[in-house]
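Work through the exercises below with the sequence and the coordinates side by side, and read each solution only after attempting the task.

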Amino acid sequence: MSVGLYKYSGDIEDDNSTVLLSEPIASQRIYDQYFTAAISELGILYFQDGAEIRFENLERVLLEIQLLMEWIQNKVNGEEKQFLLERLVRIKSVVADSLRTKADILYVF
């Protein structure tokens with residue numbers, strides 16, 4: 001299993017809704033090992049498993065991703081550090097590009 005960032009056409013609960021965006025964040029193991037600790041320590045509100053990210057939260061979410069990148073820079077070593085930083089740089093770009101209107105919603109799960 002893994003945790004990813006998703007965007008749907010229309011309501012996520014609608015059977016006719018389709019996936020417009022599917023961007024992996026990390027495997028469940030990596031997410032549990034690193035992101036869970038960082039989210040708790042940093043007081044992350046929006047960028048976490050189970051979250052809905054809305055246009056009005058864009059600035060806060062980009063700040064949270066930046067905080068996660070700094071946390072990883074300081075607390076993670078080796079190949080996983082590089083992988084996580086690369087993923088977060090990509091995710092930050094995707095979030096910024098995907099939340100253009102108040103109707104846009106991104107989901108983390």
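**Exercise 1.** Does Y8 count as buried or exposed, and at what relative accessibility?

*Solution.* The model is predicted, so that local features need pLDDT of at least 70 and side-chain atom pairs count only at pLDDT 80 or more, whereas totals for chains, interfaces and linings use all residues. Residues are numbered from 1 along each chain as its sequence is written, and side-chain values use heavy atoms, with hydrogens and water left out. Buried means under 20% relative accessible area, exposed over 50%, and partly exposed in between (1.4 Å probe, protein chains only). At 18% relative accessibility, Y8 therefore counts as buried.

**Exercise 2.** Classify the aromatic pair formed by Y6 and F109.

*Solution.* Rings of Phe, Tyr and Trp (its six-membered ring) pair if their centres lie within 6.5 Å; planes under 30 degrees apart count as stacked, over 60 as edge-to-face and the rest as tilted. The ring centres of Y6 and F109 are 4.5 Å apart with planes at 20°, so this pair is stacked. Y6, at 17% relative accessibility, is buried, while F109, at 38%, is partly exposed.

**Exercise 3.** Classify the aromatic pair formed by Y8 and Y107, and place both residues in the chain.

*Solution.* The centres lie 5.9 Å apart and the planes make 70°, which is edge-to-face. Y8 belongs to strand 1 and Y107 to strand 4, 99 residues apart, and the pair thus links distant parts of the chain. Y107 is buried, at 9% relative accessibility.

Technical notes: Helices (H or I, at least four residues) and strands (E, at least two) are DSSP runs, numbered from the N terminus.
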